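Work through the following exercises with the structure open beside the text, and try each task before reading its solution.

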Amino acid sequence: MFQKITETSSLYDRLEEKPVGEILAGINAEDHKVADVVATVIPQVTRLVEHLVPCMRQGGRLFYIGAGTSGRLGVLDASEIPPTYGVSGRVIALIAGGDAALRTSVESAEDAACRGWEELQPYGLTALDTVVGLTASGTTPYVVETLRRCREAGLFTASITCNPKAPVSQVADIPIEVITGPEYVTGSTRMKAGTAQKLLLNMISTAVMIKLNRVEGNRMVHMQLANRKLVDRGTRMIVESTGLPAEEAEALLLRQGSVSRALETLKKGPSFPK
């Protein structure tokens, strides 16, 4: 049987007898280990991003597929791309059990080995698409079988897992194994493993969007102006970039619909600061 480090017992025990402060300090001590472990897989993440960027420039898409906490993190990352970067339909997440699994545990769904491949078919997959499997254990049938089928079909695959030499790594062109070790509560991979996966997904999608020119400087100039806070943020970006009065900057922003288009309009004018 495959040995899962995420399922082994940690140095902690008799947690129910500990005072609250000691429990919190122990969780925090474990969390401190995560960023250092994530740093060790930056070379593999770099390879993935460098593959994704040219493919997505040509119309390719990034698919996340996962179950449980891993699947929810994929959905979270994908759902934040349109409002943050103004890019829709290019980062897509599938979770075992469907949308219902976002709020309610559908544990049996992860055992439906063929379901993920079936759910990908309506998207009309092409050679430019990349599928990233998310599974802390590295054994989830829904994820492992989907990646296997994708790879057989000629799609590029990657995986993110928290166990070494996991089955999912065997079916990924780029296996990313971020070994976070035993959890404070044994087997509760929503803790360190989940944190590591969240960090990696942030890194992947953010780096891709930057290289796709959805960021200028370090500003989200393509963000959707969905609420007052974001309109105010966009107005400040224009003011800081041009020195335009705030009222004029906001009016221009609302006319153009994005910071990027507003700045482009100003650059075409004779008074734009060089």
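The exercises below concern a predicted model, and each task is followed by a worked solution.

**Exercise 1.** Determine the order in which the strands of the open sheet are arranged, and find its edge strands.

Solution. Begin with the sheet itself, in which five strands follow the order E2-E1-E3-E4-E5 with parallel pairing. Next, look for strands that pair on one side only, which leads to E2 (91-95) and E5 (174-177) as the edges. From one strand to the next, the twist averages 15 degrees. Finally, turn to helix H3 (residues 42-57), which packs on the sheet and touches E1, E2, E3, E4 (156-161) and E5, its direction making about 140 degrees with that of E5.

**Exercise 2.** Find how many bridges join strand E1 to strand E3, and name the partner of Leu62.

Solution. Strand E1 (residues 62-66) and strand E3 (residues 130-134) run parallel and are joined by five bridges. Within E3, Leu62 has Thr130 as its bridge partner.

**Exercise 3.** Decide whether Gly21 is buried, partly exposed or exposed.

Solution. Locate Gly21 first, in helix H1 (residues 20-31). Its relative accessibility is 48%, and buried requires under 20% while exposed requires over 50%, so Gly21 counts as partly exposed.

**Exercise 4.** Describe how helix H9 crosses helix H10.

Solution. The axes of H9 (residues 228-242) and H10 (residues 246-256) come within 9 Å and cross at roughly 115 degrees, and the crossing is right-handed. The residues that meet include Ile238 and Val239 in H9 and Leu253 and Leu254 in H10. Sorted by character, the contact residues comprise seven nonpolar, two polar and two charged.

Terms used:
Residues are numbered from 1 along each chain as its sequence is written. This is a predicted model: local features need pLDDT of at least 70, side-chain atom pairs count only at pLDDT 80 or more; totals for chains, interfaces and linings use all residues. Side-chain values use heavy atoms; hydrogens and water are left out. Two strands pair if DSSP finds at least two bridges between them. Helices (H or I, at least four residues) and strands (E, at least two) are DSSP runs, numbered from the N terminus. Axes are lines fitted to C-alpha atoms, for helices over the stretch in contact, and angles run from 0 to 180 degrees between N-to-C directions. Contact means heavy atoms within 4.5 Å. Buried means under 20% relative accessible area, exposed over 50%, partly exposed in between (1.4 Å probe, protein chains only). A crossing is left-handed if the near helix is turned anticlockwise from the far one by less than a right angle, and right-handed if clockwise. Ala, Val, Leu, Ile, Met, Phe, Trp, Tyr, Cys and Pro count as nonpolar, Asp, Glu, Lys and Arg as charged, and the others, Gly among them, as polar.
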